[in-house]
Amino acid sequence: MIDEFRSSGPGRHITISYAGFNRPWAAWIAHQLARIGHRASLLRWDPGAEAPLAEALSDLLKAPGKLLLVLDDWYFRLGPRTNEEWNAALREIVHLHRDRFAAVSVANAALPTAVAALVPADLRNLDQVEAHRLLLQCLELPPTALPAPREGAPRFPLDPPEVYHIPRRTQSFTGRDAILEDLFEELTVSGPTGTRLALHGPAGVGKTAIAMEYAHRFGNHYELVHWVDARRRATARDGLAELAAMLRLSAGHEVGGQIRATHEALRRGVPYRPWLLVFDGADSPESVADLLPEGPGHVLVTTLDRPWAAMSGFPEIAVKPFNRDESVAYARRRAPRLTPAEADLLAEAVQDLPLMLAQTASWLHTNTMPVAVYVAQITGGQLDQVGFGIDEDYPRGFKTAWSITLNTLREQYPAAAELLNLMAQFAPDRIPVRLVERAPRGSLPEHMARLAADPIAWHGALARISDATVVRLDYRSTGNPADATVSSVRMHRLYHSFLRTELSIEERRAMTATACQVLVGADPRRPGDASEWPTYAELFPQLEPAGAFDSDDPAVRELVLNCIEYLKLRGEYTTGRELAETVYARWRDQLPAEDRDLLKVQYQQANLERRSGRYHQAALIGRRLVAELADRPPGDTDLLLAQNGLGGTLMALAELEEAHDLYESVWQQYSAVLGPEDPATLQARGNFGLALGLLGRYQEALAMHGEVLAVRERLLRRGHHQTLEAGLQYARLLRLLGRYPEAQSRQELNARQHRQILGPGNPATLAAEHNLAQCLRRSGDLASGAQLMRSVVTSSVQLHGPGSPDTLLVQADWATFLRQSGELTAAAELSQTVTNLYHELVGPAHPYTIGTRGNLALLHQLYGERQTALRIAAEAWEAMASAVGADHPWTLGCELNLSAARQLSGDDEGALELSRDTLARASAVLGLEHPLTFSCQAALAMDLRLVREAEEAARVESDVLSRLSRFLGPEHPHTVAVRRRDRPYWDFEPQPI
């Protein structure tokens, strides 16, 4: 077929003949010629297996213009044909039409001798400038400078994109040219503006191989190419998160933040546009749909069935088995001894299924059994479905063919066969042979340990496995080809299931025990160390296939718990929660109720439920755990750990009094058992301080955090993360008490240290910057505070997600910034969104839902909607009093806003009544010198004036102005507002748990 390249010009017409494998070279050459004014067409070289070679070469002459042959190993392997055939055909055709032919070579192997007559220009190992010069020279075109690059132009094949992360190319890939070209046309039909497409088909049909070949064959049309293993959600998230580092994004250590930063970078497409992302094995759309990026690029998904069809804008291409010509060519390439008739016989037996052809042809290549005998054996085999089911479309002799191969491997290479059985105990898509090879002494049986210790024998065994089975080796290169080593192995899932069912119960038990020991040997035992997270990312997908959940080895259970802790610390709350649930379900039936590992996994499960915002589920687990341990003596560390976790859940659910009492008890018990300055005691004391703050007991909370800070500054360095946390809590309480200058001074230093020590994308750093933005706003620097808060909101959405508890905290405050800045529409939209999300997260009676809804009343007042504002303010006051009590500062703030709403609605007497009551209780709860008390006093002065109590109004106003000037200064915005007689208000600020 002829593919007209998108170019035209007054110059010569050149037809470029290429094997599909080397389309990148053909596309680059066509673009170079088009840019200097020549016309170029791409003509894929794909002669039929039975067509005479001379006839196929003669057919090239029907194409217009000069014929440029892009010669590589594949150009001569299509067929396949011998060098003698090629030499004869080249001498016959090229000799008669020498003026029509030119050639370039990118081949690694020796070319047929007759190619010399074409004098091909060798473009290997050259830079783009020299390759361009030699190209023009071989076409007898005048030399020109290399054309300037243009967006969307094919890249030089030896200059891949800076981000080019895809599996090694399959050198045995055959055919599929039509589907690859359809794929390219479908993805590029709308240009690089964002196109998605799914390849679907049964297992073994070659979806992954097609996607991989597409990424290699058309990769030079992209500025970024990245491969994501999407068979599991966790590995898909990790694979996508890897892009953050490749793109040099500041996204912290949490996978969620890395993914959101990556999505934003791909959406903008700067500087990488267009881009290609492949999600391989995405059989469950609901598990990865949120990971698919938008933007100026292409998303390609491979999937077993058609689950993506229901998604809007997600076209699909069905992948079918090879056509017979492809099957014959593929089989003869894998087993050159096959005649066309024998290859046809084999293809018929396996119904042209690529997976089966790969297995059977590989076996025939290494064994001398007559093809007809082998085909008779596999077609006469009986289907054994023990252990797994096979679709009716599969050849019924598949198991016989695999059994023949496995038996041959066992007879001829028993060490390789045993290694293959061990591989089957790991996840099929990422078998960690590097960990097996480096397993500590004692982890492997002695004979396998000797194999791993002998590099020649080890790599020989791997090579035999790869040659004889459907197992793919992935190499890790150090830059020196001689030093390339096998880093991991991929095995088709069907073959993986087959191998596991072939083992006896005793063999399976021994192999899983060995696999678990390999994983234990690789456990760094430091899940809190971020530098070890790549190791845990490799380990945790292996736990279930290796049988780790059913192991009675304490070291294996420790590994499982370490993987859960890693997921929690990395921010993978959903994956961690699912893992903890699975582990608990297994261990509950294996271990006694008092076993410490069983207790730990329940504690982690509750912790991850809470971090995921699933507070009620966390409370059920936490209360059950505490009840089970209730008979333990005071000071029991397991009980204290469970109570500590439950306390956090109670605070999240606004069960504040219970949380307060629980944390006070935990702190005192830790202090008695471990001492007042033990890290666990200080952590419990800090938690108690948080509970005091949520209860509105700000002065007591300040004292508690101040004492914790003082001890940590003395025992730890000032830059220690626990010291920084204590400093943040202390500064926050200073701000809540109205001590704005000191709060801002401390928080500026604290935020700077967070950025320097933990990094700009760290969750703790965002919390520090959030508090600093609030300090700036309260001090009157609204512009600086808004600039910082905008950055915090953006980073939090990227890091935690738009609906997470941490993000809602900063979005609620950002809505206040927007309202104060006069951006009322944006403020109203965000406020309503936050309220709705809190309603979904914690319910309508939670103080965070009530408080953020109450903030909407302030917006309705600014819009002049006084009756709506009055209704919302009244509902917020009543609901808040019911939730946290009538004397809580949050309730007093709601009451202050309600008095304003009454006054604006014409109810001056009702406003005055509320103002007197609010001031009296605020003075008692918060003291006379607190911003909320000042606001209540100013509101009372205004209401007195409106009911013509001028003398009392003047006295109250004079007193509040005098004390405000001393406390905050005469020019502070709060003082100025009272002097201007602006109606005071209070905005609700959710507090961190």
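This section describes two nonpolar cores, a parallel sheet region, two helices and two buried charged residues in a predicted model.

The largest nonpolar core has 121 residues. Tyr214, Leu346, Leu420, Met423 and Leu543 make the most contacts inside this core. Helix α23, residues 554-570, gives the most to the core, with eight residues. Apart from this core lies another, of 93 residues. Leu662, Val810, Ala827 and Cys936 are among the members of that second core. In soluble globular proteins, nonpolar side chains tend to be buried together. The surroundings of Met423 can be listed in detail. Leaving aside neighbours within four places in sequence, methionine 423 is in contact with Ile431, Val433, Leu462, Ile465, Val489 and Met491.

Strand β11 spans residues 297-303, and seven of its seven residues are buried. Gly297, Val299, Val301 and Thr303 point one way from the strand. His298, Leu300 and Thr302 point the other way. Residues on both sides of β11 are thus buried. Strand β8, residues 195-200, runs parallel to β11 and is joined to it by six bridges. Within this pairing, arginine 196 stands opposite valine 299 of β11. Strand β10 also pairs with β11 in the parallel sense, over five bridges. Here phenylalanine 279 has valine 301 of β11 as its bridge partner.

Aspartate 280 lies in β10, which covers residues 275-280. Its relative accessibility is 2%, so aspartate 280 counts as buried, the cut-off being under 20%. The side chain of aspartate 280 makes a polar contact of 2.7 Å with that of threonine 208. Beyond neighbours within four places in sequence, aspartate 280 is in contact with Thr208, Trp227, Val228, Asp229, Ala230, Arg231 and Thr302. Of these, Thr302 belongs to β11.

Arginine 169 sits in a loop, between β7 (163-165) and α6 (177-188). At 14% relative accessibility, arginine 169 counts as buried, because the value is under 20%. With neighbours within four places in sequence set aside, arginine 169 is in contact with Phe21, Glu213, His216, Arg217 and Arg472.

Helix α38 runs from residue 866 to residue 884. At 1.5 Å a residue, its 19 residues should span 27 Å. The end C-alpha atoms are 27 Å apart, which agrees. Ala869, Ile872, Ala873, Ala876, Met880 and Val884 are buried in α38. Seen down the helix axis, these buried residues fall within an arc of 100 degrees, so they line one face of α38. An α-helix has 3.6 residues a turn, so residues three or four places apart point the same way. The face of α38 turned away from the buried side carries Gln867, Glu878 and Ser882, which are exposed. Cover for the buried residues of α38 includes α28 (656-674), α37 (847-862) and α39 (889-904). Just after the helix, glycine 885 takes a positive phi of about 105 degrees.

Helix α30, residues 698-715, has 18 residues. From first C-alpha to last, α30 reaches 26 Å, close to the 26 Å expected at 1.5 Å a residue. Its buried residues are Tyr698, Ala701, Leu702, Met704, His705, Gly706, Val708, Leu709, Val711 and Arg712. The elements that cover them include α28, α29 (679-694), α31 (721-736), α32 (740-758), α39 and α40 (908-926). Helices α28 and α39 thus help cover buried residues of α38 and of α30.

Definitions and conventions: Residues are numbered from 1 along each chain as its sequence is written. This is a predicted model: local features need pLDDT of at least 70, side-chain atom pairs count only at pLDDT 80 or more; totals for chains, interfaces and linings use all residues. Side-chain values use heavy atoms; hydrogens and water are left out. Helices (H or I, at least four residues) and strands (E, at least two) are DSSP runs, numbered from the N terminus. The expected span of a helix is 1.5 Å times one less than its number of residues. Buried means under 20% relative accessible area, exposed over 50%, partly exposed in between (1.4 Å probe, protein chains only). The arc is that of the directions from the helix axis to the C-beta atoms. Contact means heavy atoms within 4.5 Å. A nonpolar core is a set of buried Ala, Val, Leu, Ile, Met, Phe, Trp, Tyr and Cys residues joined through side-chain atoms within 4.5 Å. A polar contact is a pair of N or O atoms within 3.5 Å; within protein, one must be able to donate a hydrogen and the other to accept it, and residues adjacent in sequence count only if both atoms are side-chain atoms. Two strands pair if DSSP finds at least two bridges between them.
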